[in-house]
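Open the model in your viewer and keep the sequence panel visible. The stops below each begin with a selection and then say what is there.

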Amino acid sequence: MSEYNKQIKNKKTTISIIGMNCASCVARIESTIKDVPGVVSITVNLASEKAFLEYDPVKTDVTQIKNAINDLGYKVDTRKTVFLIKGMHCASCVARVEKTLRDIPGVISAVVNLVSERAIVEYVAGIHLADIKKAVEGAGFEFVLNGKELEDIDVSTKREIRGLRDRFILAAVLGSIIMTLSFTPFFPGKPYLMWVLATPIQFWAGLRFYRGSWGALKHKTADMNTLIAVGTSAAYFYSVVAVLFPQIFLSGIIEPNLYFDTSAMIIALILLGRFLEARAKGETSKAIKKLMDLAPKTAIVIRNGGEEEISVDDVQVGDTIRVKAGARIPVDGIIREGYSTVDESMITGESIPVEKNIGDEVIGASINRTGSFLFEATKVGENTTLAHIIRLVEVAQMSKAPIQRLADVVVSYFVPIVIGIAIITFIVWYSFGPPPALTFAILNFVAVLIIACPCALGLATPTAIIVSTGKGAEQGVLIRNAETLEKAQRINTIMLDKTGTLTRGEPKVTNVIGNNVYSEDDILRIAASAEKGSEHPLGQAIVKAAEKKRLKMPAATGFNVIPGRGIEAEVENMKLLLGNMRLMHERGLSLDRLKKVTERFWSRGKTVMFLGLDDKVVGVIALADTIKPKAKEALRLIHDMGIEMVVLTGDNRRTAETIARQLGIDRVLSEVLPEDKAWQVKKLQQGGRVVAMVGDGINDAPALAQADVGIAIGTGTDVAVETGDITLISGDLKGIATAIVLSKRTMRTIKQNLFWAFAYNTALIPVAAGILYLIFGQSGVPQGLTFILGDIGFLNPIMAAAAMAASSLTVISNSLRLRGFKLET
């Protein structure tokens, strides 16, 4: 018997392992994984690169096993897929779907979003989608693979809304007739007519509740469908018994009333709530739909010497495409012929059109405002900037904020507790209530079940997150996940890199000073020789200046980058050093008479590069980088929030201080090496500061990763800055203030939603249980409240259904207010 239970309890799965080369790899993996607590057996096959596992899910899971294999230097082959899950209505549904998915052998993680009706599932390669589909449908939900070959999700959602509308109309019309009949004098056949009218409402309009509750029952759990199905069934079947067996109502504990109107109107009102909720949920994702609609459907491609209009899906990298004035640019690319001004506001949030010439990048979905031009496609399909933005926003909208964990914990216990309260309510009223005790017990039982729906709890967080992340994307601010959105509200210190963040990142040579031996052209020519091919902005600026003067640059050898300092090389048989003051000091080179002129350049905010040849400083090159036009205004907005700002740069102190003074920045941390930037961030964090780091996502990657919130500057088609929690698509620093204010508004909205959801259930469950009878039981209910509370203080189950629907709509409507968000300047 114990062996049988063991077979039932253990799970078996197959995982693919990448990186095995020989039998020793197999032995190493088997030996390590057998030691993982909970692993019963493992067999690794080198030829198929697969491992066959049996494990105890109580003691371990696939995630732990995967991590153990990855720690050995191998990689478990995994997949991540987005699915559409239809039929979820509350947080309990979400919890059930997530548990169902995680219980599938081989599934690593599953995150389900109630509002978008999507699930992101990570699983080991080899799992069949049919197994996932079977598990989801077995739990009582509809499974759809979110792929292009399937029906458009928007069409599917509209069909569901139509279905809810049709069922609501039937329930409302028939329910109104039943309500009218309930107030008319008795006539022969009246009970049977009400029964006939109530039956299609109960079993056609309300069929979704029975399906949902049956799916929950199969998994030994309960959700809001259970509450509605049990509550309305109690009222319906009570009335059926009263119609068929009226003689049993002769005792004093039962009143021979019919409650077909109650069951019918509860279903009608809940369907109305669902219908309005479905429409409102569609509104929350309007921003992402707007982004999707930006992509043009066709492109004019130059092929075989002529122009051909083809589907944008058929455009290939390298194709030459013509864009006429007023048309949308179909994909990302580089202009090869012509020039124009392009409106990129729908992508970057930057309202001013941008001039584009030959060699400039253009972004797919932006609008060509003036001339016609030809460009070469560089990114197509899923690799375009627009596709990447949509993907980032979708993932962000699927994520869960830490504050949502509270709601998830509450919901996991909520429905069973409510059913328990309803049963206790029934027992108390049946045992101690006034006559007719059974009637009152059933009505209060139904009212508790109907009013205590966790819908509002489940919608409180995701609706706000979907609206806010979409709104951020509209304004050129990509927020990677809900956790970042929650953290951003607490930022009290912002560290900003100088070059490319505060400045344009396009330095230009302004002054060249030589000594008595070398002229200005000599200094520039020799320095450019060493920097030729450099990717550093300063090096590129020096090369451009030399090219502009048409100076001949000799070949350099022995090139070596000295991080945070400069470069060394050999030019014309001389040892060359080109870099900052720190490099000169470390190598023992004296500035001599060049020191005074250097001080003057620094005081003007210029960056100074020193040229050393054969252990002597022979010249100075001064470069200036223009401050971004809107930087000062953007930083003023941040400063007005009471946030401390710090310049973090490898540049000279006086240069950095000059820039900081011009922009109103509080502190300067200068001459910081790239590898030390993360340490500077950590140092502030250790002092209790919540730090955001703003940088270009390349040189500043360690600091961005260390910061509580990393804000990466993306420009043009470069929005795939993986190190940033937030990406500013246009590079406009106003996006920092937008992100922080949006975070604060979103978290305030979420807290309002959670308060309403908790307060609603906390206040109204006792009312539904009949606690107001203690107040109105003897004196009676005031005339204006009798429809809601009856004659002695019992909550009408119909009003309970109306209140439940209203709670969900209140939460969604509150979240939709975020659609009007705009940063006040």
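Two strands count as paired if DSSP finds at least two bridges between them. With that in hand, note that this is a predicted model, and start at strand β9.

**The six-stranded sheet**

Select Ile300 in chain view and look across to β10, where the bridge partner of Ile300 is Glu309. The strands concerned, β9 (residues 298–303) and β10, are antiparallel and share six bridges. Now extend the selection to the whole open sheet, whose six strands follow the order β10-β9-β11-β17-β12-β15 with antiparallel pairing. Its edges are β10 (306–311) and β15 (361–362); each has a single partner strand, so one side of each is left without a neighbour in the sheet.

Move next to β17 (residues 373–379), which pairs with β11 (residues 320–323) in the antiparallel sense over four bridges. Here Thr320 stands opposite Glu376 of β17. Strand β12 (residues 332–337) also runs antiparallel to β17, joined to it by five bridges. On that side, pick Ile335 and find Phe375 of β17 opposite.

**The four-stranded sheet**

Go to the other end of the numbering and select β1 to β4. These four strands make an open sheet, ordered β2-β3-β1-β4 and paired antiparallel. Strands β2 (39–45) and β4 (75–76) are at the edges with a single partner strand each, so one side of each has no neighbour in the sheet. Between β1 (residues 11–18) and β3 (residues 50–55), which run antiparallel, there are six bridges; one place to check is Thr14, whose bridge partner in β3 is Phe52. Add helix α2 (residues 23–34) to the selection: α2 lies across β1, β2 and β3, and runs at about 170 degrees to β2.

**The nonpolar cores**

Which residues touch the most other members of the largest nonpolar core? Select Ile29, Ile33, Leu101, Ile494 and Ile736, which hold that place among its 169 residues. Helix α27 (residues 734–768) gives the most to this core, with 14 residues. Centre on Ile494 and show its contacts: beyond residues up to four places away in sequence, Ile494 touches Ile638, Ile643, Glu644, Met645, Val646, Ala692, Val694, Ile736 and Ile740. A second, separate core has 28 residues, including Ala541, Ile542, Ile567 and Leu578.

**A helix pair**

Keep α27 selected and add α15 (residues 437–451). The axes of α15 and α27 come within 8 Å and cross at roughly 170 degrees. That angle makes the two helices roughly antiparallel, because angles over 145 degrees count as such. To see the contact, show Asn444, Ala447, Val448 and Ile451 of α15 with Tyr760, Asn761, Leu764, Ile765 and Ala768 of α27.

**Helix α9 and Gln202**

Select helix α9 (residues 224–244). At 1.5 Å a residue, its 21 residues should span 30 Å, and the end C-alpha atoms are 30 Å apart, which agrees. Is this helix enclosed or open to the outside? Of its 21 residues, 16 are buried, so α9 is largely enclosed by the rest of the structure.

Finish at Gln202, in helix α7 (residues 190–205). Its relative accessibility is 1%, so Gln202 counts as buried, the cut-off being under 20%. Outside its neighbours within four places in sequence, Gln202 is in contact with Leu207, Tyr210, Thr232, Ser233, Tyr236, Ser263 and Ile267.

Conventions
Residues numbered from 1 in each chain as written. Predicted model: local features only at pLDDT ≥ 70, side-chain atom pairs only at ≥ 80, totals over all residues. Heavy atoms only, no water. Expected span 1.5 Å × (residues − 1). Buried < 20%, exposed > 50% of the residue type's maximum accessible area, 1.4 Å probe, protein only. Contact = heavy atoms within 4.5 Å. Core = buried A, V, L, I, M, F, W, Y, C linked by side-chain atoms within 4.5 Å. Axes fitted to C-alpha atoms, helices over the stretch in contact; angles between N-to-C directions. Parallel < 35°, antiparallel > 145°, perpendicular 65-115°, else oblique.
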